[in-house]
Amino acid sequence: MNSIKRLTALTRAGVMESLQFRLGTVVTLFGNLIYLALVYFLWKAIYDSCGSSVVNGMTFYDTMIYLILATAIFNFLEMFIIWDMSRSIQSGEIILHLLKPMKYRLYTFWSYSGTHLISFFLTFLPTFIVVMIITKGAIPLGWNCIFFVISLTMALIINFNIDMLVAPICLYTESTWGINMVKETIVLLLSGATIPLAFFPDSIRRVVEYMPFRAVYDMPLTILLNKDGANTMNGLLSMLGTQLIWCIVLTIAGNLFWNHAVKRITVNGG
């Protein structure tokens, strides 16, 4: 019961912090609008140059729906764990976090939970509603929405563990700006967040299917849109099972790496 109260308190604190900095949310939404405008004109030019309304099994509107929702999911999943850990190491604040009566990884995950909650209701949900209105119900509403929430939750855990596999490198380098940029690029590219995986060459797509990145964006979106095998129970269970496996594997790997890396911590030369 005490553990639940502590976790709830962290979520409540995250919600209050997110609501306190409302301007940041507005700026983020404005930046997303600019990004989506660029994406629209880019893919419009690509489809116009192809001379076909269907490319790799996706129409222009299928692609736009996919990328718009991927952008909304990105805002929901975004964490600044690597930046925060790097700054806390440089300032020495990480010692205070390690002394808290809660495991560092658990504390870090739940400290972002309030932000995720606000982001879901202020960014993803409005985006989803707008897409439904504009496309006149192109996204099916049914059990796929429930399974999508389950899939999105596991995507959040997977994304967190990927960050926690990269963040401890700060303990060795004290700065991970370049490493974080590489990580962001790899995740966004190989997860289908910037380019739908349907546009990848078959050989590359087969390799990507064995990586955890697809489980962050492509699988939740495929389940929500009820396409590419997600419209059958076997296909749906296969995707959810794959995500669950990656949740377990990455959690174990992240814990092992963190337990090893934290022994190398150096603060202010100490």
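**Close-up 1. Ser49, a residue of helix 2.** The place of Ser49 is in helix 2, in a model that is predicted. With a relative accessible area of 62%, Ser49 is exposed, because anything over 50% counts that way. Now look for Leu117, which sits 68 residues from Ser49 along the chain. The C-alpha atoms of this pair are separated by 41 Å.

**Close-up 2. His116 and the residues it touches.** Here we move to helix 7, where His116 lies. Is His116 buried or exposed? Its relative accessibility is 4%, so His116 counts as buried, the cut-off being under 20%. Setting aside residues up to four places away in sequence, His116 touches Phe76, Leu77, Glu78, Met79 and Leu156.

**Close-up 3. The second largest pocket.** This pocket has a volume of about 530 Å³. It is lined by 21 residues, and the closest to its centre are Leu36, Ile68, Val130, Val131 and Ile134. Three elements give two or more residues to the lining: helix 2 (22-50), helix 3 (60-77) and helix 7 (113-134). Which helix gives the most? That's helix 3, with eight residues. As for the kinds of residue in this lining, there are 15 nonpolar and six polar ones, and no charged ones at all.

**Close-up 4. The largest nonpolar core, with Phe124 in the picture.** A total of 69 residues make up this core. Leu69, Phe124 and Ile139 are the ones with the most contacts inside it. Helix 3 gives the most to this core, with eleven residues. Pick out Phe124 and see what surrounds it: leaving aside neighbours within four places in sequence, Phe124 is in contact with Leu69, Ala72, Ile73, Ser119, Phe148 and Leu224. So Leu69 turns up again, as a contact of Phe124 and as one of the core residues with the most contacts.

**Close-up 5. Helix 10, from its length to what it packs against.** Helix 10 runs through residues 177-190, which makes 14 residues. How far apart should its ends be? At 1.5 Å a residue, the helix should span 20 Å, and its end C-alpha atoms are indeed 20 Å apart, so the two values agree. The buried residues of helix 10 are Asn180, Lys183, Glu184, Val187, Leu188 and Leu190. They pack against helix 3, helix 4 (81-91), helix 8 (143-166) and helix 11 (202-208). After helix 10 comes Gly192, with a positive phi near 90°.

**Close-up 6. The largest cavity.** Rolling a probe the size of a water molecule over the atoms shows where empty space is left. How many cavities of 30 Å³ or more does a search of the whole structure find? It finds one. The largest cavity has a volume of about 80 Å³. Around it you'll find Phe74, Leu77, Glu78, Met79, Asn159, Asp163, Lys183, Glu184, Val187, Leu188 and Tyr217. Helix 3, helix 8 and helix 10 are the elements that give two or more residues to this lining. Helix 10 gives the most, with four residues. Sorted by class, the lining has six nonpolar, one polar and four charged residues. Some names here are back from earlier views: Leu77, Glu78 and Met79 line the cavity and are also touched by His116. Lys183, Glu184, Val187 and Leu188 line it too, and they are among the buried residues of helix 10.

Conventions: Residues numbered from 1 in each chain as written. Predicted model: local features only at pLDDT ≥ 70, side-chain atom pairs only at ≥ 80, totals over all residues. Heavy atoms only, no water. 1 Å grid on protein atoms, 1.4 Å probe; cavity = no way out; pocket = protein on both sides within 12 Å on 5 of 7 lines; lining within 4 Å. Points joined across faces, edges and corners; volume = space filled by probe spheres on them. Nonpolar A, V, L, I, M, F, W, Y, C, P; charged D, E, K, R; others polar. Core = buried A, V, L, I, M, F, W, Y, C linked by side-chain atoms within 4.5 Å. Buried < 20%, exposed > 50% of the residue type's maximum accessible area, 1.4 Å probe, protein only. Contact = heavy atoms within 4.5 Å. Expected span 1.5 Å × (residues − 1).
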